[in-house]
Amino acid sequence: MAEKSNSRDLIVETAARLFFSQGYHATGLSQIIKESDTPKGSLYHYFPNGKEELAYVCIEKTNHHVLEKFKSVFEQHQTTGDAIQAFIRDMADDTEKSGFTGFLPFSFWAAVETSCISNKLRSACQDVFIDWQEVIAERLQQEGALEVRAKEAALLMISMMEGALIISLTNQSKQPMLIAADYLSAIMKTAVLTK
């Protein structure tokens, strides 16, 4: 039973890495099978509906991972502003360590590329951004921000974070992310103070 679980996990991890590094369209099932070193039958056993189903699972897994990171960083910092700054700085460091390869912002491959392929994938991507916005907005409201202000600040944070990541990858520099981290920290603090 553990071996079957490992095969499924290997397939999902490999697919997610390839989708993020080279895009949905450029990633074929044969490449996923080869790089995950799993039997062809395993992929079709776990994902009988093929690439779309596998992409859906990757989107859900990414969402869960990011939500857990948000929750963890929120627990470690007193204010949302400090937590967001730390979150983006950690992401910048991870991106630099990877050599600016193998990691693309969620929206780049999932939301943009897959939205024209399938309503199911587009809906899954919409849910990801809603989940991220809600977890950030909820934290801001706990600090005293008005609901509408918290939701706006959370949306701005996600937009700036994703945009800064795209620019960092393009320029092969973490500087845009570090700048975004500092400005977003201030924006989060302003959202709490503005009534």
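A residue is termed buried below 20% relative accessible area, exposed over 50%, and partly exposed in between. In the predicted model described here, Gln172 has a relative accessibility of 44% and therefore counts as partly exposed. Gln172 is situated in the loop between H8 and H9, where its phi is positive, at about 55 degrees, although the residue is not a glycine. A comparable backbone feature occurs in the loop between H2 and H3, which contains Asp37. The phi of Asp37, likewise not a glycine, is near 55 degrees. With 70% relative accessibility, Asp37 counts as exposed. A positive phi of about 75 degrees is also found at Gly99, just after H5.

The nonpolar interior was examined next. The largest nonpolar core comprises 59 residues, and those with the most contacts inside it are Ile32, Leu54, Phe70, Ile84, Ile88, Ile136 and Met157. Two or more residues of this core are contributed by each of helices H1 (2-22), H2 (29-36), H3 (40-46), H4, H5, H7, H8 and H9. H4 provides the largest share, 10 residues.

Ile32, one of the residues with the most contacts inside the core, is in contact with Ile11, Thr14, Ala15, Leu18, Phe19, Thr27, Leu43 and Leu54 when neighbours within four places in sequence are left aside. Among these partners, Thr27 is placed in the loop between H1 and H2. The relative accessibility of Thr27 is 0%, so this residue counts as buried. The side chain of Thr27 makes a polar contact of 3.1 Å with that of Gln22. Beyond residues up to four places away in sequence, Thr27 touches Leu18, Phe19, Gln22, Ile32 and Lys51.

An unreviewed UniProt entry lists residues 28-47 as "DNA-binding region". In the model, this segment is 75% helix and 0% strand, with its end C-alpha atoms 14 Å apart.

Helices H5 and H9 were then considered together. H9 covers residues 175-193; at 1.5 Å a residue, its 19 residues should span 27 Å, and the separation of 28 Å between its end C-alpha atoms agrees with this expectation. For H5, with 18 residues, the expected span is 26 Å, and the end C-alpha atoms are 26 Å apart, which agrees. Within H9, the buried residues include Pro176, Met177, Leu178, Leu184, Met188 and Val192. The buried residues of H9 pack against H5 (80-97), H7 (119-142) and H8 (147-171). Within H5, the buried residues include Ile84, Phe87, Ile88 and Met91, and two of the residues with the most contacts inside the largest core, Ile84 and Ile88, are among them. The buried residues of H5 pack against H4 (51-76), H7, H8 and H9.

Charged side chains add further links between H5 and H9. Side chains of opposite charge can pair when their charged atoms come close. The structure holds nine salt bridges. One of them joins the side chains of Lys189 and Asp82, at 3.1 Å from N to O. This pair links distant parts of the chain, with Lys189 in H9 and Asp82 in H5, 107 residues apart. Lys189 counts as partly exposed at 36% relative accessibility, and Asp82 is also partly exposed, with a relative accessible area of 28%. The side chains of Asp182 and Arg89 form another salt bridge, with an N to O distance of 3.0 Å. Because Asp182 lies in H9 and Arg89 in H5, this pair ties together parts that are 93 residues apart in sequence. Asp182 is partly exposed, with a relative accessible area of 35%, and Arg89 is partly exposed at 32%. In addition, Asp93, Glu96 and Lys174 are linked in a network of salt bridges.

A salt bridge also connects the side chains of Glu13 and Lys61, at 3.9 Å from N to O. Glu13 belongs to H1 and Lys61 to H4, so the pair ties together parts that are 48 residues apart in sequence. Glu13 counts as partly exposed at 44% relative accessibility, and Lys61 counts as partly exposed at 40%.

Key. Residues numbered from 1 in each chain as written. Predicted model: local features only at pLDDT ≥ 70, side-chain atom pairs only at ≥ 80, totals over all residues. Heavy atoms only, no water. Helix = DSSP H or I, 4+ residues; strand = E, 2+ residues; numbered from the N terminus. Expected span 1.5 Å × (residues − 1). Buried < 20%, exposed > 50% of the residue type's maximum accessible area, 1.4 Å probe, protein only. Contact = heavy atoms within 4.5 Å. UniProt positions renumbered as here; feature names shortened; annotations may be inferred. Core = buried A, V, L, I, M, F, W, Y, C linked by side-chain atoms within 4.5 Å. Salt bridge = Lys/Arg side-chain N within 4 Å of Asp/Glu carboxyl O. Polar contact = N/O pair within 3.5 Å; in protein donor to acceptor, adjacent residues only side chain to side chain.
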